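Hi,

Here is the structure I said I would pass on. Have a look at it first, and my notes on what turned up follow underneath.

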Amino acid sequence: MSALSLSAQLDDLKIITLTDGEMWSARDLMPFAGYERWENWSRAINRAIASVNASGLDASDHFRGVTKMVQTGSGARREIEDVQLTRYACYILFQNADGSKPEIAALQQYFAVQTRKQELSAPISDDEIVARALQITSNRVKELEAKVAEDAPKVEYVEQFVDRDDVATFRAAASELGVKENDLRERLITAGWVYRHKIGRRWSESQNRMVDEVEYRAAAAHGEKFALRPQHNAPRHHNGQVRQTLYIRQNALPSIRKFLARHLEAVS
């Protein structure tokens, strides 16, 4: 498929909304990315969401969980899970997709060009935009490589035997670390590794008053230790947002264990 043909098809897939402008359906983009199974594609989406949150931005501004009606082979219609993506979300998503797939490079170029065009008010050639986008990606890779080298002694064993995508709930991690779940969460909040993110407010029957609805987010400096994943099958927040749960990556447990040991020494 030529670059011009691909660009035209991706332009046709745009969804124009009154509130968010241009959006794309993750389901519509999946075949263009060379993915056949939603389970595999959603893993790339979750990596992209974690990447955006780790940068200090709110991924919910760019990744919106929705449902989509499809027709089955029998002619019946049913709802399936989908995610609406902003132009920026598409760009980050294809940076986090399987780079070994030949389709990914073309999609990375398309969304790098389109994202940069949107940002710039002055005209600029596509070749220069692509070169700049690739330079940004190259710089980010170098930063990640330096971080991996810095953390290598701390997680050497886990990196060898535990997949990076393996995660644990705070409850499971607290049990493995020998602390209470609330204690673990509060210590990480106090240390600045995790923070409470206010979603909105709701009425609490038990407290007979309005209370904040919060979720937990990883601080940018510690984003690689956590994974934020949307819970599309869970009831939504009162304002309609998809609930997102913060998990602890298994390969971060050794560094958290050392942090807890230092904390206990400091208070003893």
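**Around β8 and β9**

Helix α3 lies across β8 and β9, and its direction is at about 120° to that of β8. Before going further, please keep in mind that this is a predicted model. The two strands under α3 run antiparallel to each other, and five bridges join β8 to β9, the latter covering residues 244-249. One facing pair to look up there is P230 with Q244, the latter in β9.

β8 and β9 belong to an open sheet of three strands, ordered β5-β9-β8 with antiparallel pairing. Since β5 (167-168) and β8 stand at the edges with a single partner strand each, one side of each has no neighbour in the sheet.

**The cavities**

How many cavities of 30 Å³ or more are there? The count comes to two. The largest has a volume of about 70 Å³. If you want to select its lining, take A50, N53, A54, Y216, R217, A218, G223, F226, A227, L228 and L246. The elements giving two or more residues to that lining are α3 (38-54), β7 (209-218) and β8 (226-230). By class, the lining residues of the largest cavity split into eight nonpolar, two polar and one charged. The general idea behind the search is simple: a probe the size of a water molecule is rolled over the atoms to show where empty space is left.

**The β6-β7 hairpin**

β7 also has a strand partner: β6 (residues 194-204) pairs with β7 over ten bridges, in the antiparallel sense. Two facing pairs are handy for finding your way along it. Y195 stands opposite R217 in β7, and R217 is also one of the residues lining the largest cavity. R201, in turn, stands opposite D212 in β7. The two strands form a hairpin with four residues between them. In the turn, N208 has a positive phi of about 55°.

**The four-stranded sheet**

There is also an open sheet of four strands, in the order β1-β2-β4-β3, and the pairing is antiparallel. Which strands stand at its edges? They are β1 (15-17) and β3 (63-71); each has a single partner strand, so one side of each is left without a neighbour in the sheet. From one strand to the next, the twist averages 40°.

Going through the pairings, β1 and β2 run antiparallel and are joined by three bridges. T17 has G21 in β2 as its bridge partner. Two bridges join β2 (residues 21-25) to β4 (residues 77-85), again antiparallel. W24 is found opposite L85 in β4.

A helix sits on this sheet too: α4 (residues 87-95) packs on it and touches β2, β3 and β4. The direction of α4 makes about 90° with that of β4.

**A helix pair**

Last stop, α7 and α8. A packed pair of helices is described by the angle between the axes and the distance between them. Here α7 (residues 170-177) and α8 (residues 181-190) pack at about 100°, with their axes 8 Å apart. Angles of 65 to 115 degrees count as roughly perpendicular, so α7 is roughly perpendicular to α8.

Which residues make the contact? From α7 they are F170, R171, A173, A174 and L177, and from α8 they are E181, L184, R185 and L188. Sorted by class, the contact of α7 with α8 has six nonpolar residues, no polar ones and three charged ones.

That's the tour. Shout if anything is unclear.

Cheers

Technical notes. Residues numbered from 1 in each chain as written. Predicted model: local features only at pLDDT ≥ 70, side-chain atom pairs only at ≥ 80, totals over all residues. Heavy atoms only, no water. 1 Å grid on protein atoms, 1.4 Å probe; cavity = no way out; pocket = protein on both sides within 12 Å on 5 of 7 lines; lining within 4 Å. Points joined across faces, edges and corners; volume = space filled by probe spheres on them. Nonpolar A, V, L, I, M, F, W, Y, C, P; charged D, E, K, R; others polar. Axes fitted to C-alpha atoms, helices over the stretch in contact; angles between N-to-C directions. Parallel < 35°, antiparallel > 145°, perpendicular 65-115°, else oblique. Contact = heavy atoms within 4.5 Å. Pairing = 2+ DSSP bridges.
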